[in-house]
Amino acid sequence: MHVETLEILRCPYCGARLELVESLFHQKTAAEIHDGILGCHCCVFPVVDGIPVLHLQPAAVTARDQVQAGRPELARRTMIGLDDEAQAAGFEAAAASDAATYRDTVAALGPNFEAGYFLYRFSDPTYVVADAAVRTVANIVLHGQRRAIDICGGSGHLTRSLMTVSSPPPVLADLYFAKVWLARRFTAPGCEPVCCDGNAPFPFARGTFALAMCTDAFMYIWTKRQFVGEMERLVDDVRRADGEPGAVLIGHTHNERTWTPSHGQPLSPAGYRDLFEALEPRVFGEAGLFDDVVNRGILDLARHDAADTLDRDPALTILATRHEGVFATHRVEAMPAARATGEFRLNPLYTAIPDGERVQLRLQFPSEDYADEYGACRAYLPDEVTVDREAIEALPGAAVARSLAPLVTSRVILDLPKRYY
Ligand SMILES: [Zn+2]
């Protein structure tokens, strides 16, 4: 973690500033704290492999003791959560290798880690809507001069969407250490990861951020009222005092009025609205936003979805801000084919079958469950497409041959993090 991050961190329980306890074991440079113990008025918390762990769950307490005993490598093993010796060694080998990919490293974390979901995330329908909403709102609200936080951001697929517009770089907060570790390593290099509990007060100072977002996770939060109150606190305009309102964005949260796979404990649209006290939220049905982005190249945030439209939609997006210009109709740029932020690769949902000078690319879902949950991607992913073999073989690359540009737009070719699969 950056030493300056101490300026924005607060103890989730007593609200005090956190400081490195210099008298205990630590490893740091002038700019970074790699391992050590942070203290406030009430607790001590470990920094493990550069990630502050600001909760008191059993693994965090064990890891703190291990850091204090001068065994940071054991603390990382504890936080990654691998009890099995062979599996832990496999993960550590992947972590130490410059050649190991995101996919390899996730595989080393074992079968219980949600590998499929994460690997295919960059073209799933939920991501397509969330990415458009995040980029649109972040551009207006942050415009490269203010900071965002991605809460419960997992392994950072949408934190990545904030990297070019958040300054300083975005904070990624999640309870699962392994996920934020993966994000920093692969998905959103340069983000500032923090391990903390979404069901507790957030460990940051009031008004630290101009955008607080949470995507595809809010329905799993039990303390929803506290969570929203905390999001409002983090973007508090009065405390930030830069004369420009902040925004709260909750993307893809399930709807109590419908059924969905991995349903969680969702609320109704009215229930979600009632959580907000400081800001007035607007609730959007995801189906309308999906149609906007996929079929019309826009994001119409000026719309007021009718109650029955919202009641029918299995997923909702909630946006709360006083920022002028957010609740308008925005043009959504198709995936820019000019230059990759990572590298252009074939979407891992496609199999390439060589056929002379051509290659046939065939859409293949990894499982029936995937097809059931994310089948709406067929709206933009073609079942089959035949392309120039030479152009495909030139990948991965920072740019694509002109013949492949339409495949970038349709997400058959993706701008993926380096060493993704
Ligand atoms: Zn405290």
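In this predicted model, helix α2 (residues 72-80) packs against helix α7 (residues 177-187), with the two axes 7 Å apart and set at an angle of about 110°. Angles of 65 to 115 degrees count as roughly perpendicular, so that is the label for α2 and α7. On the α2 side, the residues that meet the partner helix are Arg76, Met79 and Ile80, and on the α7 side they are Phe177, Ala178 and Trp181. Sorted by class, this contact has five nonpolar residues and one charged residue, with no polar ones.

Met79 also turns up in the surroundings of another helix residue, Ala60. Ala60 sits in helix α1, which covers residues 58-68. Leaving aside residues up to four places away in sequence, Ala60 touches Pro46, Val53, His55 and Met79. Is Ala60 buried or exposed? Its relative accessibility is 2%, and buried means under 20%, so Ala60 counts as buried. As for distances across the model, Ala60 and Lys224 are 164 residues apart along the chain, and their C-alpha atoms are separated by 23 Å.

Now for the strands. Strands of a sheet pair through backbone hydrogen bonds, and they can do so parallel or antiparallel. One sheet here is open and has seven strands, in the order β8-β7-β6-β9-β10-β13-β11, with mixed pairing. Which strands stand at the edges of this sheet? They are β8 (192-195) and β11 (281-285). Each has a single partner strand, so one side of each is left without a neighbour in the sheet. Going from one strand to the next, the twist averages 15°.

Within that order, β6 sits beside β9. Strand β6 (residues 148-151) and strand β9 (residues 211-215) run parallel and are joined by three bridges. Across this pair, Ala148 stands opposite Leu211 in β9.

An antiparallel pairing is found between strand β15 (residues 343-346) and β19, and it spans four bridges. Here Glu343 has Leu416 of β19 opposite it. Strand β19 takes in residues 413-416, and its side chains can be split by the way they point. Ile413 and Asp415 point one way, while Leu414 and Leu416 point the other way. Are these four residues buried or exposed? All of them are buried, Asp415 included. Leu416 thus appears twice in this part of the model: as a buried residue of β19, and as the residue opposite Glu343.

Notes: Residues numbered from 1 in each chain as written. Predicted model: local features only at pLDDT ≥ 70, side-chain atom pairs only at ≥ 80, totals over all residues. Heavy atoms only, no water. Axes fitted to C-alpha atoms, helices over the stretch in contact; angles between N-to-C directions. Helix = DSSP H or I, 4+ residues; strand = E, 2+ residues; numbered from the N terminus. Parallel < 35°, antiparallel > 145°, perpendicular 65-115°, else oblique. Contact = heavy atoms within 4.5 Å. Nonpolar A, V, L, I, M, F, W, Y, C, P; charged D, E, K, R; others polar. Buried < 20%, exposed > 50% of the residue type's maximum accessible area, 1.4 Å probe, protein only. Pairing = 2+ DSSP bridges.
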